[in-house]
Amino acid sequence: MALTLLATTDTQIIRVVEALYNQKPGNTYLSNFQTFVTENGIDGFANAMAASFASSTDAELAAVVTANLGLTGDALTAGNAYLEAQFAADAAGRGKAVLDAMNALSTLEADATYGAAAASFNADVVSSLSY
């Protein structure tokens, strides 16, 4: 079994940023995000980050996330369907849905459908935290 990161605040911040923007936030942004989380909570942070996509449909936002994760084939189809359903269920909580999905994805390295994507995503998060 591979060593995995615990879902600390910093890890969760990175997961949201990687999923929505496919970028390493670096120290300046991470510090700003940590301050925001201290004042607004991790769910508030995730929703604030997703607010940049307010004009995107559920399907468009799902496609952004799954593209940033590099999903293909069955994982892409299932990932888009899952995210779209989560976004439709709570339009104001789309960021939290991304956060929850990324926390879940991080545990799926042994999964037949999502394993490769989970391993790659976890490696990206570790790299971002080490940046």
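Modeller: Before we look around, one term: a nonpolar patch joins side chains such as Val and Leu that lie within 5 Å, from residues with over 30% relative accessible area and no salt bridge. Keep in mind that this is a predicted model.

Biologist: Okay, which residues form a nonpolar patch on the surface here?

Modeller: L5, V126 and L129 do, and together they have about 200 Å² of accessible area.

Biologist: What makes V126 partly exposed?

Modeller: Its relative accessible area is 40%. Partly exposed runs from 20% to 50%, so V126 with its 40% gets that label. The 40% is also over the 30% that a patch asks for, so V126 passes that test too. As for its place, V126 sits in helix 6, residues 115-130.

Biologist: Let's move to R94 in helix 5. Why does R94 count as buried?

Modeller: Buried means under 20% relative accessible area. R94 comes in at 7%, so buried is the right word.

Biologist: And what does R94 touch, leaving out residues up to four places away in sequence?

Modeller: Contact means heavy atoms within 4.5 Å. By that rule R94 touches N47, A50, F53, A54, S56, T57, D58, L61 and F87.

Biologist: F87 belongs to helix 4, right where the two helices meet. How do helix 4 and helix 5 pack?

Modeller: Helix 4 (residues 73-89) and helix 5 (residues 94-105) pack at an angle of about 145°, and their axes are 9 Å apart. The crossing is right-handed. On the helix 4 side you have Y82, L83, Q86 and F87, meeting R94, A97, V98 and A101 of helix 5.

Biologist: Now the loop between helix 1 (9-21) and helix 2 (26-50), where Q23 is found. Why is Q23 called partly exposed?

Modeller: The exposed label needs over 50%. Q23 has 49% relative accessibility, so it stays partly exposed.

Biologist: Which residues does Q23 touch, again skipping those up to four places away in sequence?

Modeller: V17 and E18. There is also a link across the chain: the C-alpha atoms of Q23 and S128 are separated by 8.2 Å, although these residues are 105 apart along the chain.

Biologist: N22 is in that loop between helix 1 and helix 2 as well. What is the phi of N22?

Modeller: Phi is near 55°, a positive value in a residue other than glycine.

Biologist: And how do you know whether N22 is buried, partly exposed or exposed?

Modeller: N22 has 41% relative accessibility. That is neither under 20% nor over 50%, so N22 counts as partly exposed.

Conventions. Residues numbered from 1 in each chain as written. Predicted model: local features only at pLDDT ≥ 70, side-chain atom pairs only at ≥ 80, totals over all residues. Heavy atoms only, no water. Patch = residues over 30% accessible without salt bridge, like charges linked within 9 Å, V, L, I, M, F, W, Y side chains within 5 Å. Areas by Shrake-Rupley, 256 points an atom, 1.4 Å probe, with all protein chains shown as cover. Salt bridge = Lys/Arg side-chain N within 4 Å of Asp/Glu carboxyl O. Helix = DSSP H or I, 4+ residues; strand = E, 2+ residues; numbered from the N terminus. Buried < 20%, exposed > 50% of the residue type's maximum accessible area, 1.4 Å probe, protein only. Axes fitted to C-alpha atoms, helices over the stretch in contact; angles between N-to-C directions. Left-handed = near helix turned anticlockwise from the far one by under 90°.
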